[in-house]
Amino acid sequence: MKKPFMQRIFLIFSLIFIFLGCSSDDDLRQNPYLPHLNFSVNFDLSLPEYNQLNFPGNKYVTRNYGINGIVIFNLNNDQYLAFELTDPNHVPQTCSSLTVTGTEASCSCGDGNKYTIITGQQIAGEGEYSLKPYRAQKIGGVLQISN
C-alpha cells in the first residue's frame, strides 16, 4: 500500500518540476529598448526598384517601415532575411539608426556597435541583443516582410 502512495507523490512532484521548468523564454528574448510594431509589407520583385533582391548576396534598405527602417538580404533566392535598422542595444534615438555598408550595419552612437545583416549578430561594440528580425517570405514574385 505504501509503494503506490510513494509513486503518486513522486509523480506529482515530477509533474510540478516539469511544468515549472517549461517556462517561455519570450521574456529573455524580448528587447526592452525596441517597441513591438505590427506591420506587413509586400515587395513586388518584378518592379525595377526591388530588382537587386532577385540576386543572391544583394540587399535592399527602406526607411518606410519598422522603427528606423528595415534591411532585406537575399541569401540564396529561396531564403530572404529582414532586420530592423535600429541598434537593438539603445533606446531609439537619432544616432541609433543603423547605416548599412556591404553586409554590415553600424550605429553612430559612439560605442562602435556593428552587426551583420546576414545573421543579425553583433560583430563589434557592446551590448547583449542582436538585430531584431522580421519574417521574410517569398510567394511567387512577391516578397512579404512582417512581424
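This is a short chat about a predicted model, its sheet and its salt bridge.

Reader: What kind of model is this, and how are residues numbered?
Author: It is a predicted model: local features need pLDDT of at least 70, side-chain atom pairs count only at pLDDT 80 or more, and totals for chains, interfaces and linings use all residues. Residues are numbered from 1 along each chain as its sequence is written, and side-chain values use heavy atoms, with hydrogens and water left out.

Reader: In which order do the six strands of the open sheet run?
Author: The order is 1-10-9-4-3-2, with antiparallel pairing. Strands here are DSSP runs (E, at least two residues), numbered from the N terminus. Two strands pair if DSSP finds at least two bridges between them.

Reader: Which strands stand at the edges?
Author: Strand 1 (40-44) and strand 2 (59-62). Each has a single partner strand, so one side of each is left without a neighbour in the sheet.

Reader: How many bridges join strand 3 to strand 4?
Author: Five, between residues 70-74 and residues 80-84. I70 stands opposite E84 in strand 4.

Reader: New topic. How many salt bridges does a search of the whole structure find?
Author: One. A salt bridge is a side-chain nitrogen of Lys or Arg within 4 Å of a carboxyl oxygen of Asp or Glu. Here the side chains of E104 and K114 meet at 3.9 Å, N to O.

Reader: What does the pair tie together?
Author: E104 lies in strand 6 (residues 104-106) and K114 in strand 7 (residues 114-116), so the pair ties together parts ten residues apart in sequence.

Reader: Is E104 buried or exposed?
Author: E104 counts as partly exposed, at 32% relative accessibility. Buried means under 20% relative accessible area, exposed over 50%, partly exposed in between (1.4 Å probe, protein chains only). K114, at 34%, also counts as partly exposed.

Note on methods. Helices (H or I, at least four residues) and strands (E, at least two) are DSSP runs, numbered from the N terminus.
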